Amino acid sequence: HVAAGRLAGPKGTLGSVGTSGAPSMASSFATLALVAALVATAVANDPAGSWLSYAEWAAPNEQRITSVNTTWKVPTDPKVPFGSNAPGWWYGIQTAQGDGALIQPILAYGYRGMKYSIFNACFDWNDGSWRTSKTLEVSPGDTIVSSITYVPADNSYDMYIYSTEQKQGITENYKIERAQGDKNESVVYFVLEHQPSRCSAYPTDGECTFENILVSVDNQPVASPQWQAKQEQPACDSKATVVDPKTIKFTWSPQSPDAVPEEKLLRTKWTQ
């Protein structure tokens with residue numbers, strides 16, 4: 001879910017800049033481009049422009065979220081197997097400012113061929129890195145069980161995602177980077193991401209519901225989180241609906257003409 005200006009991929013290092021002689025025009029443009037990219041990264045955050053619809057809840061006083069649990073079912077296959085831009089249905093945690101580690105178990109279509117897969121991932125705004133686990137193929141109708149759990153011993157989080165029908169799962173740990181300082185992971189997101197170039201490339205059933213949502217803050221269960229349903233860059237009549245404190249439903253219309261032109265799609269993160 002990378003917004004414009006987001007730097008994805010593995011961590012890297014900046015090369016040194018020479019000081020002898022006048023800089024060439026090419027090197028000047030390269031320097032300007034680098035500065036622009038760094039500025040964009042510095043001011044960018046979540047929510048990202050590749051999100052269609054989402055729901056969020058923020059812990060009071062930016063307290064630490066210590067666990068999130070949920071289940072959801074894999075939607076039907078799309079009518080058209082191309083043009084989907086690899087949509088994802090996921091939940092995750094982030095800082096109140098949206099500029100830290102976005103820790104997110106993901107269900108996606110079209111990430112590894114024309115099929116559904118599950119994996120764990122983190123986009124970290126602290127250094128612009130994008131890290132993913134291995135993937136597991138899942139099928140329409142499979143029930144996905146997932147959790148995010150804080151590990152206080154090393155200030156990290158365990159991500160877990162599992163298919164009850166495939167009887168397989170993935171566990172991945174992500175340690176919060178020192179650059180994040182004392183900012184807690186204090187916001188929970190549920191997200192539909194990646195606008196398609198044609199709505200018929202989205203699943204035909206037009207819905208995906210996260211159920212059995214449980215959130216804990218500082219190891220205390222939150223009885224009734226007050227979710228806020230929002231629109232970022234919706235397409236195909238997409239919408240997030242808060243059914244109740246434990247249920248969030250995403251809907252879209254595969255028949256809608258409201259898609260995004262191919263040349264304007266944000267091709268980032270797992271679509272690359």
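**Figure 1. A loop proline and its surroundings.** Pro196 lies in the loop between S11 and S12, in a model that is predicted. Although a student might look for a loop residue at the surface, the value for Pro196 is a relative accessible area of 0%, so this residue is buried. The view also includes Ala235, which stands 39 residues from Pro196 along the chain, while the C-alpha atoms of the two residues are separated by 7.7 Å.

**Figure 2. An asparagine side chain that reaches a backbone oxygen.** Asn85 is found in the loop between strand S2 (65–73) and S3. Is Asn85 buried or exposed? With a relative accessible area of 6%, Asn85 is buried, because buried means under 20% relative accessible area. From this position the side chain of Asn85 reaches the backbone oxygen of Gln195, at a distance of 3.0 Å.

**Figure 3. The largest nonpolar core, with Trp89 in view.** The largest nonpolar core holds 46 residues, and the members that touch the most other members are Trp72, Trp89, Ile103, Val188 and Phe190. Strand S12 (residues 207–217) supplies the largest share of this core, namely 5 residues. If residues up to four places away in sequence are left out of the count, the residues that Trp89 touches include Trp72, Pro75, Tyr109, Tyr116 and Leu192, and also Pro203, Cys208, Phe210 and Trp252. Apart from this core there is a second, separate one of 16 residues, among them Trp51, Ile106, Trp125 and Tyr189.

**Figure 4. An edge-to-face pair of Trp51 and Tyr189.** A pair of aromatic rings is described by the distance of the centres and the angle of the planes. In the whole structure the count comes to 19 aromatic pairs. For Trp51 and Tyr189 the ring centres are 4.9 Å apart and the planes stand at 75 degrees, so the pair is edge-to-face, given that planes over 60 degrees apart count as edge-to-face. This pair links distant parts of the chain, since Trp51 belongs to strand S1 (residues 51–58) and Tyr189 to strand S11, 138 residues apart. Both Trp51 and Tyr189 are buried.

**Figure 5. Phe210 and Phe250 within an aromatic cluster.** Phe210 and Phe250 also form an edge-to-face aromatic pair, with 6.0 Å from centre to centre and 80 degrees between the planes. Here again distant parts of the chain are linked, with Phe210 in strand S12 and Phe250 in strand S16 (residues 247–251), 40 residues apart. Phe210 has a relative accessible area of 0% and is therefore buried, and Phe250, with a relative accessible area of 0%, is buried too. Which residues make up the cluster that contains Phe210 and Phe250? Trp72, Tyr91, Phe190, Phe210, Trp227 and Phe250 form one aromatic cluster.

**Figure 6. A salt bridge between two loops.** A search of the whole structure finds 6 salt bridges, and one of them joins the side chains of Asp99 and Lys183, with 2.7 Å from N to O. Asp99 sits in the loop between strand S3 (88–94) and strand S4 (101–109), whereas Lys183 sits in the loop between strand S10 (168–175) and strand S11 (187–193), so that the pair, 84 residues apart, links distant parts of the chain. Asp99 is partly exposed, with a relative accessible area of 23%, and Lys183 is likewise partly exposed, with a value of 32%.

**Figure 7. A network of salt bridges around Arg131.** Asp127, Arg131 and Glu177 are linked in a network of salt bridges. The side chain of Arg131 meets that of Asp127 at 3.7 Å, N to O, and it meets that of Glu177 at 3.6 Å, N to O. Of these two pairs, Arg131 and Glu177 link distant parts of the chain: Arg131 lies in strand S6 (residues 129–132) and Glu177 in the loop between S10 and S11, 46 residues apart. Arg131 is partly exposed at 29% relative accessibility, and Asp127 is partly exposed at 26%, whereas Glu177 is buried, with a relative accessible area of 17%.

**Figure 8. The confidence of the prediction.** The mean pLDDT of the protein is 84, and 79% of its residues reach 70 or more. Over residues 1–42, however, the pLDDT is below 50, although this stretch has 49 contacts in the model beyond near neighbours in sequence.

Key. Residues are numbered from 1 along each chain as its sequence is written. Side-chain values use heavy atoms; hydrogens and water are left out. A nonpolar core is a set of buried Ala, Val, Leu, Ile, Met, Phe, Trp, Tyr and Cys residues joined through side-chain atoms within 4.5 Å. Buried means under 20% relative accessible area, exposed over 50%, partly exposed in between (1.4 Å probe, protein chains only). Helices (H or I, at least four residues) and strands (E, at least two) are DSSP runs, numbered from the N terminus. Contact means heavy atoms within 4.5 Å. A salt bridge is a side-chain nitrogen of Lys or Arg within 4 Å of a carboxyl oxygen of Asp or Glu. pLDDT is the predictor's confidence in each residue, from 0 to 100. A polar contact is a pair of N or O atoms within 3.5 Å; within protein, one must be able to donate a hydrogen and the other to accept it, and residues adjacent in sequence count only if both atoms are side-chain atoms. Rings of Phe, Tyr and Trp (its six-membered ring) pair if their centres lie within 6.5 Å; planes under 30 degrees apart count as stacked, over 60 as edge-to-face and the rest as tilted.
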